[in-house]
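Reader: Hello! I have never looked at this structure before, and I would love some company while I explore. Could you walk me through it?

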Amino acid sequence: MIKIYPMLLLSLLLAFTVNAETNTYRLTDFFAGESIIRLEGKADSIDFAIPLASITDVDNAVLTLDVISSKALIEKRSQLVVRFNNATIGQIRFDPDRPSLISEVSIPAKLWRDGFNTLTFSVSQHYANQCVDGSAPELWSEVNMYNSTLQITSSNNVDTFTFDKLDGFFNPGIGGLRDVSLITATDVEGDISKRTLSLVGQALALRNQYQPLELKHETFDEGYVLPELDTANEGQRWTEENIQRYERSAWYTRDNSKNNRSGNALAKSQTQQLHVIVGTASSLSPVLSGTTVNSIKGPYLKTEVTPSFSIGNRVIIPSTFRLIVSGNTTDDVHKAAQTLAVMDDEINVTSQITVLSHAGMEATRLQKQLVAAPDTAYEFQDLGISAARFRDEGDFSKRASFLLPADFYVPENASVGLLLNFGYGAGNGPGSIMNVKVNNELVHGLALDNPNGQVFKNYKLSVPARYLKGGANNIDFDVTLRAPLAGVACDEVAGSHLIFQLENTSAIDLPDAGHVAVQPSLTLFGETAYPLARFESAPASSIIIPSSDFMDSALTISAKLAQVANAPLLNLTINNMALESMPSDAIAGSAIILGTPDSLSQVQQSEFTTAIEATKRWSYQLQNNLHNRVRNLTQDRSFKAMKVEGNTIQESDLGPQAILTAHANPNSNDTLFIVAAQTSELLNDRVSDLVSLSMWGQLAGDFFAWSDSRAPSLIMQVNETYEIGESDDAWLQLRLWLSNNPWYWLVGFVVLVFSISLLIYLLLKRRNKKVQDSW
């Protein structure tokens, strides 16, 4: 027994040993604007955020900047200042004899903090020592954000794995996970693969916020094959104690299983990754300790660190972080997954949770909790919009963002009321203005020209409601503050006294709206997950796969849709069924079908303009492009059919690309999506590309083809449009119909005038006859 203690101690030490990792990122990975940022004028600056996961410690960070500056800048007074979290970490002097330069700046580890870290580029630019025109065109410099890089050496800082640390693993920042494995028994219960796995993936993706999460489904067998040991060099054998230590490790994960079969040990202890095991207590008993199995009394969640398995100084199975989602029945497991999807990690400073009950777990309720309701007034602070304070001279912007139902649909004459509370101080000069834009449409401008300043309360703007759209909406307040003119040559007034403030007590009054959406629309699908996620109702929807080979793709798509909807999709299921035997009611409603051209040949596509089968039917690109251009040119909003019919039928494969199409569901008044690639392995790769930040935001039309994560191969609108949804009441439905068919207003008005005129004529004629009879 004495010989066991050193081995156990070594296992515990290895369980918490984390190797430092070094990664290099382009600054465009953190910056949503152009790859080249231009700083102009005598003074200019730009801020952007670099997120850091809370489980990560930065050991070393080096910023490499690719900068080019105007040759007109004088050397001693022109410079680029680099600040990190408001601390100056570097000053780069501009040299007119060397306008292009590469500079390295170290970011001290002590300046990093969890969450978003602010990196600031600020320039001071001069072409002379005196009398500098601050708007001179030669005052400029550029930073190439694509060529500029950030190299970070980081390590994991988690020692005790409890639920309050779980959110940190899936932070969108540096160090957060971008893929995770969901592991079940080989003979997994049907309800778990149909409902629960998708919900677990969505719960983790929601913690990842906007960063995509790639999900992989793995299985384990009840038995295992012990890896071979080098008994000659290590003097170790498979004793009972070694077998017990091996069983407590994560021997069942895919990478470790490969090592076990091959007999090769890991060269080094890799960074500890997190995986999830899902299933009932009985199905997970081969990989759980007896103590854990006995602890499962109902819906059950647990976080733990699996011990590593080593022989001598050689690590065969590294330590890993593990999340357990379990229960005594499949319904218990699903309830545990529901709790995982809505729980607040920060208040659970524990590693084990048994769920007794939960309330309000309805799909519709969860999907509308962050969405502004029509016919309601909100203060900005109710929508999570903060106040803004602008000081000094320059151009400033404040964006107020909020969500509306994806099927937000209003009459033409409806309007949105903005009640703004803002003010500005005294001493503004010419050119001080405020512009208000709604979804990039300029709706109001105001000159800030009162020399004594001014404060506005409930400053009312009436904005056409058609400027709003379903999903994310932005109200931008662009403010320019200019100092007054000095009136003396070569003399300027400093703008440090200038101030503007926008209060979060400002309000927005939304009109009554129906819940109708024009389909098919991949834009709406990509921005709101509509029609799988809805505001007024959450009908059952499904992802249909022809075999388990497509499970990874289905899980990844469902996780992305939950991120887009900002809520778990409790109404979404994954149905694994042979497409040739699929009943018609299986796709009654909103559905996504994954497959290959061969498997999709079993799906009825005769009514579709484009059919992806072994023998494919493609729409004419030229005709549809011409149709879309004519519609945009004429500003047609009637959605009338203007297409020239035509297609080609051909036999070919899809090559390296994948296709996403949207169609009217022939089995219901809903939308059917089809995602196809030549093989299931290729489809998994293309789905990973599709959910990336660079590709998902480009979804548009109803035909989308892509072969990598950079840019789509082709985007088209090839199907006839139609409407799904319903208004709240008959009167609103009539208003919506009449506002979208204005000719009926004119016809109705003419009929009404004619009827009244006829009635007046008949009454006068009758009156005249009575008068004549009285004579």
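Reader: Thanks! Let me begin with helix H3: how many of its 18 residues are buried?

Author: Happy to help, and please keep in mind that this is a predicted model. Helix H3 covers residues 190–207. A residue counts as buried when its relative accessible area is under 20%. By that cut-off H3 is mostly covered, and its count of buried residues is 13.

Reader: What distance should the 18 residues of H3 span, and what is the distance between its end C-alpha atoms?

Author: The expected span uses 1.5 Å times one less than the number of residues. For the 18 residues of H3 that gives 26 Å, and the expectation agrees with the model because the end C-alpha atoms are also apart by 26 Å.

Reader: Where does H3 bend?

Author: The bend compares an axis fitted to the seven residues ending at a position with one fitted to the seven starting there. In H3 this angle is about 40°, and the residue where it occurs is Thr 196.

Reader: Which residue just after H3 takes a positive phi?

Author: Look just past the end of H3, which spans residues 190–207. The phi there is about 60°, and the residue that takes it is Gln 209.

Reader: H3 and helix H12 cross; are they roughly parallel or oblique?

Author: H12 is formed by residues 551–565, and its axis comes within 8 Å of the H3 axis. The two axes cross at roughly 50°. Angles under 35 degrees would count as roughly parallel and 65 to 115 as roughly perpendicular. The H3–H12 angle fits neither range, so H3 is, relative to H12, oblique. The crossing itself is right-handed.

Reader: And what about H12 and helix H15: are they roughly parallel or oblique?

Author: H15 runs over residues 680–690, and its axis lies 9 Å from that of H12. The crossing of H12 and H15 is left-handed. Their packing angle is about 15°, and with a cut-off of under 35 degrees the pair is therefore roughly parallel.

Reader: Let's turn to strands. Why is strand S14 largely enclosed by the rest of the structure?

Author: S14 consists of residues 300–306. It pairs with strand S17 (residues 320–326) in the antiparallel sense over seven bridges, and with strand S18 (residues 352–354), also antiparallel, over three bridges. The strand is largely enclosed because, of its seven residues, the number buried is six.

Reader: Which residue in S18 stands opposite Leu 301?

Author: Two pairs help here, one for each partner of S14. On the S17 side, Tyr 300 stands opposite Ser 326. On the S18 side, the residue opposite Leu 301 is Ile 353.

Reader: Which strands stand at the edges of the open sheet of four strands?

Author: This sheet has the order S3-S8-S5-S6, with antiparallel pairing. An edge strand has a single partner strand, so one side of it is left without a neighbour in the sheet; the two are S3 (43–52) and S6 (87–93).

Reader: Within that sheet, which residue in S8 stands opposite Phe 84?

Author: Strands S5 (residues 79–84) and S8 (residues 115–124) pair in the antiparallel sense over six bridges. Opposite Phe 84, in S8, is Leu 119.

Reader: Finally, which are the edge strands of the open sheet of seven strands?

Author: The order is S32-S31-S33-S37-S36-S38-S39, with mixed pairing. Strands S38 and S39 pair in the antiparallel sense over four bridges, with Trp 706 opposite Pro 712. Each edge strand pairs on one side only, and they are S32 (572–576) and S39 (712–716).

How values were computed
Residues numbered from 1 in each chain as written. Predicted model: local features only at pLDDT ≥ 70, side-chain atom pairs only at ≥ 80, totals over all residues. Heavy atoms only, no water. Buried < 20%, exposed > 50% of the residue type's maximum accessible area, 1.4 Å probe, protein only. Pairing = 2+ DSSP bridges. Axes fitted to C-alpha atoms, helices over the stretch in contact; angles between N-to-C directions. Parallel < 35°, antiparallel > 145°, perpendicular 65-115°, else oblique. Left-handed = near helix turned anticlockwise from the far one by under 90°.
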